[in-house]
Amino acid sequence: MAIEAELKAVVRDPEGVLQRLEDAHGPGRAEVYRDTYYDAPDGSLMGADRELRIRTVHGPDSTRTVLTYKGARVDEASGSKPEAETGVEDADAAHEIVRGLGFVERLAFEKRCRNYAFTADGRDLLATLVRVPEIDGTFLEVETVAADEAGLPAALAVVRTVLAGLGIGGDDLTTGQYTDAVTAVRGSRT
């Protein structure tokens with residue numbers, strides 16, 4: 001399974017990073033992600049650091065849905081995980097199938113994103129500025145694909161170079177997950 005080589009950072013200057021992205025890659029694509037995470041009833045999927053997600057992406061001209069499975073992290077420093085995903089024609093049917101297989105919804109939330117797809121050092125990359133309404137701050141995710149664990153260091157080196165070019169340093173990086181942050185915010189309200 002291919003590995004999503006991704007680094008995420010807290011953005012301290014959202015307007016500056018946005019401007020650098022726009023200058024380098026043109027206008028980004030504004031999209032709203034509606035993510036629903038499923039787990040086994042006993043919590044064993046998420047408990048093993050694995051994810052089963054249905055994401056519906058609402059863009060200015062279209063809506064698409066993607067089914068994603070992520071294995072456990074293969075690199076603690078970056079949080080990179082093996083990932084398999086595929087487009088889904090009918091979002092409602094996908095949710096019914098996953099529930100029919102015995103999985104239960106654990107968490108659903110929205111991400112407001114601005115995406116920039118580009119190539120650097122021969123790799124296809126995606127840079128995404130992210131705001132999650134329930135979480136303070138703006139985040140930047142930069143990702144590419146590594147064919148396997150052996151290729152992960154080279155893929156992450158390209159991601160780090162892109163981040164540095166956007167003014168993001170090592171101190172800005174985080175391996176915190178949105179799922180954990182949203183769960184903590186919701187838990188503090190009860």
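**Exercise 1. Determine in which strand Arg53 is found and whether Arg53 is buried or exposed in this predicted model.**

Solution.
Step 1. Locate the residue: Arg53 belongs to strand β3.
Step 2. Consider its accessibility. The relative accessible area of Arg53 is 6%. A residue is called buried when this value is under 20%, so Arg53 is buried.
Step 3. List its surroundings. With residues up to four places away in sequence not counted, Arg53 touches Asp35, Thr36, Tyr37, Val66, Leu67, Thr68, Lys70 and Glu85.

**Exercise 2. Describe the largest pocket: its volume, its lining and the residues nearest its centre.**

Solution.
Step 1. State the volume, which is about 660 Å³.
Step 2. Count the lining. There are 37 lining residues, and Glu4, Glu6, Arg53, Lys70 and Glu143 are those nearest the centre of the pocket.
Step 3. Sort the lining by character. It comprises 16 charged, 11 nonpolar and 10 polar residues.
Step 4. Identify the main contributor. Strand β1, residues 3-11, supplies the largest share of the lining, namely five residues.

**Exercise 3. Explain which parts of the chain are tied together by the salt bridge between Glu4 and Lys70.**

Solution.
Step 1. Give the distance. In the salt bridge of Glu4 with Lys70, the closest N and O atoms are 3.0 Å apart. The cut-off for a salt bridge is within 4 Å.
Step 2. Place the partners. Glu4 lies in strand β1 and Lys70 in strand β4 (residues 63-70), so the pair links parts that are 66 residues apart in sequence.
Step 3. Add their accessibility: both Glu4 and Lys70 are buried.

**Exercise 4. For the salt bridges of Arg114 with Glu22 and of Arg55 with Asp35, decide whether each partner is buried or partly exposed.**

Solution.
Step 1. Begin with Arg114 and Glu22, whose side chains meet at 3.4 Å, N to O. Because Arg114 lies in strand β6 (residues 104-120) and Glu22 in helix α1 (residues 14-25), this pair ties together parts that are 92 residues apart in sequence.
Step 2. Classify these partners. Arg114 has 28% relative accessibility and is therefore partly exposed; Glu22, at 23%, is likewise partly exposed.
Step 3. Proceed to Arg55 and Asp35, whose closest N and O atoms are 2.7 Å apart. Arg55 is in strand β3 (residues 51-58) and Asp35 in strand β2 (residues 29-39), so the parts that this pair connects are 20 residues apart in sequence.
Step 4. Classify the second pair. Arg55 is buried, because its relative accessible area is 13%, and Asp35 is buried, because its relative accessibility is 0%.
Step 5. Note a further arrangement. Asp49, Glu51, Arg73 and Lys81 form one network through salt bridges that share partners. The whole structure contains 15 salt bridges.

**Exercise 5. State which elements build the largest nonpolar core, and which element gives the most to it.**

Solution.
Step 1. Describe the core. It has 25 residues, and Leu21, Leu125, Leu140, Val142 and Ile168 have the most contacts inside it.
Step 2. Name the elements. Two or more residues come from each of β1, α1, β6, β7 (123-131), β8 (138-146) and α4 (152-165). The most, seven residues, come from α4.
Step 3. Examine one member. Leaving aside neighbours within four places in sequence, Leu21 is in contact with Gly26, Tyr116, Ala127, Leu129, Leu140 and Leu166.
Step 4. Distinguish the other core. Apart from the largest core lies another of 12 residues, including Tyr33, Val57, Ile135 and Phe139.

Methods: Residues numbered from 1 in each chain as written. Predicted model: local features only at pLDDT ≥ 70, side-chain atom pairs only at ≥ 80, totals over all residues. Heavy atoms only, no water. 1 Å grid on protein atoms, 1.4 Å probe; cavity = no way out; pocket = protein on both sides within 12 Å on 5 of 7 lines; lining within 4 Å. Points joined across faces, edges and corners; volume = space filled by probe spheres on them. Helix = DSSP H or I, 4+ residues; strand = E, 2+ residues; numbered from the N terminus. Nonpolar A, V, L, I, M, F, W, Y, C, P; charged D, E, K, R; others polar. Buried < 20%, exposed > 50% of the residue type's maximum accessible area, 1.4 Å probe, protein only. Core = buried A, V, L, I, M, F, W, Y, C linked by side-chain atoms within 4.5 Å. Contact = heavy atoms within 4.5 Å.
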